[in-house]
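Student: I've got this model open on my screen. Could you walk me through a few spots in it?

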Amino acid sequence: MFGGEPDTKKGRKCIAVAALLLTASIVALLRTVPAFSQETELRGEVSESAILADQQRKAGQLRPQGSLDQAVPATQMAEDQTPANPYEPASPGAVPDDDQTGGAEGSIFNQPRATDDPFADNQTMAAPRRPSTARQGAAGAKGKSDAKAADKKNAKKKPGQTTDSTAKAATRDQAETAATEDDGANRRAVTIDSVDRLDPGTERTGSIEGQKVKLEDDAFAAPGIKVGTFVFRPTLEQGLTATSNADASAGGRSAVLSETALRFSATSDWRENSAVVDGYGLFRNTLSGQKINDAQGRIEGQLTVDLDNELRAIAKLGYEAVPESASSPDAIAGVTSQPRRQTVDGSLGIEKDVGKMRYALTGAVSHDFYGDAKLSDGTVLSLKDRDSTLYSATLRTGYQVSPAMTPFVEVEAGRRIYDLRLDSNGFERSSTRLSARAGVELDMREKLSGEFSVGWLREGIDDDRLPAIAGPYVNADLRWSPERGTIIGLTGRTTVETTTIANESGDLLYSGRLTGERQVRANLTANTALGLDWRDYTGSDGHDLVLSAEAGLTWWLNRYAGLTTRIRTEKLTSNLPGRDYVANSVYLGLKVQR
């Protein structure tokens with residue numbers, strides 16, 4: 001084009017186009033090179049895909065500025081920014097990493113935003129501070145007053161004139177709506193329920209008015225008295241008894257008696273171990289009729305200590321004082337009052353659970369000693385030859401078939417030693433005890449609980465002239481609740497009764513008692529009891545049968561006082577002469593508890 005005589009207009013156009021292209025290239029270089037030199041900081045190895053993604057991002061940022069260079073087409077600018085040989089994955093199906101894809105707001109070439117440099121181009125602007133609620137309220141009130149003034153001003157204008165009340169009202173409504181939403185969001189944000197709590201004790205609880213009150217199982221049960229770490233529950237009962245047989249004997253007569261009964265229980269309030277103390281005392285005095293003046297009582301305690309490795313220790317200690325029963329085979333005739341028998345007993349047991357196996361080893365000691373008998377002629381008869389101590393050890397092994405049932409077997413070995421080697425008749429009464437039994441232990445919570453066992457018991461006396469006391473052994477202690485408010489209990493035990501009567505070894509006494517308690521109303525309780533005793537004399541065919549029945553009601557006036565009444569009948573039938581009797585009685589009294 002410079003060789004000949006070019007056309008002047010055509011040459012000018014070519015020169016202008018070349019100059020424009022040269023200017024655009026220079027401008028692009030000036031804009032691109034400083035940007036890369038300032039923002040590109042290579043630290044370590046960078047993949048080609050990351051470089052390609054960053055170049056594409058920069059090209060996208062430069063596209064909006066192409067409007068300033070209208071002479072340069074957008075396609076040509078993109079071609080200038082794109083490398084000649086773009087990166088291609090070597091493996092088919094390969095995809096770039098997430099941080100290397102297009103768009104890349106988190107590009108590796110981005111510098112961290114400046115937060116404390118006021119002259120930095122990429123500094124983060126702080127969010128505008130929201131005015132307080134009070135200021136928002138004041139601003140809202142001021143806006144409303146300004147709106148009212150504007151409305152009055154617009155009302156004075158002529159109908160043809162244009163008013164700005166509509167626009168201002170819309171702006172004011174939008175501002176109030178935004179303020180309300182902002183205030184509600186901030187209120188929701190600062191409530192205590194929205195904050196992560198580090199302390200579980202700071203959780204909110206429901207209002208007292210809205211909570212359901214849990215009803216008591218027994219609204220008339222004794223609340224108890226807090227004494228140290230124990231809860232003490234005493235009960236005092238005072239009443240009158242009219243009976244047809246005051247001392248329950250073959251020669252007993254009718255009488256009216258004053259009866260006072262004191263019962264108490266104390267339960268520990270410990271976190272791990274437990275202790276229970278129970279006791280009762282019964283005092284009877286004659287108001288009219290046959291002379292009766294006696295007292296009896298018992299106190300016993302149990303301590304349970306949980307040791308390591310499924311190991312428990314159970315200790316028991318008790319004391320009992322009761323007069324000799326007038327219907328006992330050892331009762332002494334012609335006395336003003338029967339001698340008093342006192343018993344001190346204690347035991348220590350260790351229980352161990354190994355898987356489903358249950359093991360228990362218990363050692364027990366029981367010492368009986370008798371007081372002197374006062375005869376009607378004024379003389380005193382000593383009964384020291386009846387004092388004895390029984391030592392025994394019991395081993396139990398059980399297998400838990402289910403959490404509700406554990407069958408077990410139990411063996412017992414013991415030795416009874418009398419304080420005097422020979423009694424008043426010259427017999428050596430010390431003996432050796434052996435027993436074996438099998439049973440099942442039940443635990444169905446309040447529905448059914450307890451245990452039942454049967455076996456064989458033998459106590460051989462050291463004196464060869466006296467036969468051994470032997471026979472079946474039965475023991476039961478069950479508690480069944482067929483429905484709420486009804487409790488049925490069954491107890492049974494086998495007792496070896498020794499004697500110092502010449503040429504007699506003693507007897508086995510089987511005692512059974514079936515009880516029932518029904519809560520008729522919240523303040524009215526009914527109870528019944530049926531009893532059966534069978535005494536089998538060793539060395540003879542003699543036996544005694546005792547049947548008894550009892551029914552009673554307790555009406556609670558309030559939680560602390562109530563009226564109680566009961567009727568009872570008892571009958572003894574024996575094949576031995578002079579032992580039969582019948583006793584009927586009625587009782588009415590007042591019971592108080594705390």
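Tutor: Sure, and let's start with a term: patches are made of residues with over 30% relative accessible area and no salt bridge, with nonpolar side chains (Val, Leu, Ile, Met, Phe, Trp, Tyr) joined within 5 Å and like charges within 9 Å. A salt bridge is a side-chain nitrogen of Lys or Arg within 4 Å of a carboxyl oxygen of Asp or Glu, and accessible areas come from the Shrake-Rupley method with a 1.4 Å probe, where for residues only the protein chains shown count as cover. This is a predicted model, where local features need pLDDT of at least 70, side-chain atom pairs count only at pLDDT 80 or more, and totals for chains, interfaces and linings use all residues. Residues are numbered from 1 along each chain as its sequence is written, and side-chain values use heavy atoms, leaving out hydrogens and water.

Student: What area does the nonpolar surface patch have?
Tutor: Look for L236, L262, W555, L557, L563, L590 and V592. Together they make a patch of about 590 Å².

Student: Is R579 buried or exposed?
Tutor: Buried means under 20% relative accessible area, exposed over 50%, and partly exposed in between (1.4 Å probe, protein chains only). R579 has a relative accessible area of 15%, so R579 is buried.

Student: Which residue's backbone oxygen does the R579 side chain reach?
Tutor: Polar contacts are N or O pairs within 3.5 Å; within protein, one atom must be able to donate a hydrogen and the other to accept it, and residues adjacent in sequence count only if both atoms are side-chain atoms. At 2.6 Å, the side chain of R579 reaches the backbone oxygen of S327.
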